[in-house]
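Reader: Could you walk me through this model, one question at a time?
Author: Gladly; let us have it in front of us.

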Amino acid sequence: MYFVKVYVTYKDSVLDPQGEAVKNAVHRLGYETVEDIRIGKYFEIQVSAEASAVEETIEGICDKLLANVNMETYRYEIEQLEGI
């Protein structure tokens, strides 16, 4: 079994209004040195597939469901779970 962490964020060229709102709130709290904040999504997925199919499975899920590939980018980390 594999444990996968997926991170989805807006592409650099896409405006992130939630990130801007959080940055403005951080500035109001006195943290003026914060230059930028980007909001994203995080997913944890357990996959019980053969090692050769895990990456293909995750790519398909990200491309078709978790990320809007026109506006967002994603990356993931795959860990093999021991003893399961």
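**Aspartate 16 and its surroundings**

Author: A good place to begin is the side chain of aspartate 16, which reaches the backbone nitrogen of glycine 19 at 3.0 Å; a polar contact here is a pair of N or O atoms within 3.5 Å, where within protein one must be able to donate a hydrogen and the other to accept it, and residues adjacent in sequence count only if both atoms are side-chain atoms. Please keep in mind that this is a predicted model, in which local features need pLDDT of at least 70, side-chain atom pairs count only at pLDDT 80 or more, and totals for chains, interfaces and linings use all residues. Residues are numbered from 1 along each chain as its sequence is written, and side-chain values use heavy atoms, with hydrogens and water left out.

Reader: Which side chain of opposite charge is nearest to aspartate 16?
Author: Aspartate 16 sits in the loop between strand 1 and helix 1 (helices, H or I with at least four residues, and strands, E with at least two, are DSSP runs numbered from the N terminus). Not counting residues up to four places away in sequence, aspartate 16 touches Tyr10, Ile37, Arg38 and Ile39, contact meaning heavy atoms within 4.5 Å. Lys and Arg count as positive and Asp and Glu as negative, while His and the chain ends are not counted. Aspartate 16 is buried yet has no salt bridge, and the nearest side chain of opposite charge, 4.3 Å away, is arginine 38.

Reader: Is lysine 23 buried or exposed?
Author: Lysine 23 belongs to helix 1 (residues 17–28). Leaving aside neighbours within four places in sequence, its contacts are Val34, Glu35, Asp36 and Ile37. Buried means under 20% relative accessible area, exposed over 50% and partly exposed in between, with a 1.4 Å probe and protein chains only. Lysine 23 has a relative accessible area of 14%, so this residue is buried.

Reader: How many salt bridges does the count come to?
Author: A salt bridge is a side-chain nitrogen of Lys or Arg within 4 Å of a carboxyl oxygen of Asp or Glu. One of them joins arginine 75 and glutamate 77, at 3.5 Å from N to O. By this rule, the count is 4.

Reader: How many residues apart in sequence are the parts tied together by lysine 41 and glutamate 72?
Author: These two side chains form a salt bridge, at 3.4 Å from N to O. Lysine 41 lies in strand 2 (residues 40–47) and glutamate 72 in strand 3, so the bridge ties together parts whose separation in sequence is 31 residues.

Reader: Is glutamate 72 buried or exposed?
Author: Its partner lysine 41, at 35% relative accessibility, counts as partly exposed. Glutamate 72 has 13% relative accessibility and therefore counts as buried.

Reader: Which strands stand at the edges of the sheet?
Author: The open sheet has 3 strands in the order 2-1-3, with antiparallel pairing; two strands pair if DSSP finds at least two bridges between them. Each edge strand has a single partner strand, so one side of each is left without a neighbour in the sheet; the edges are strand 2 and strand 3.

Reader: What is the bridge partner of valine 6 in strand 2?
Author: Strand 1 and strand 2 pair in the antiparallel sense over 8 bridges. In strand 2, valine 6 has as its bridge partner phenylalanine 43.
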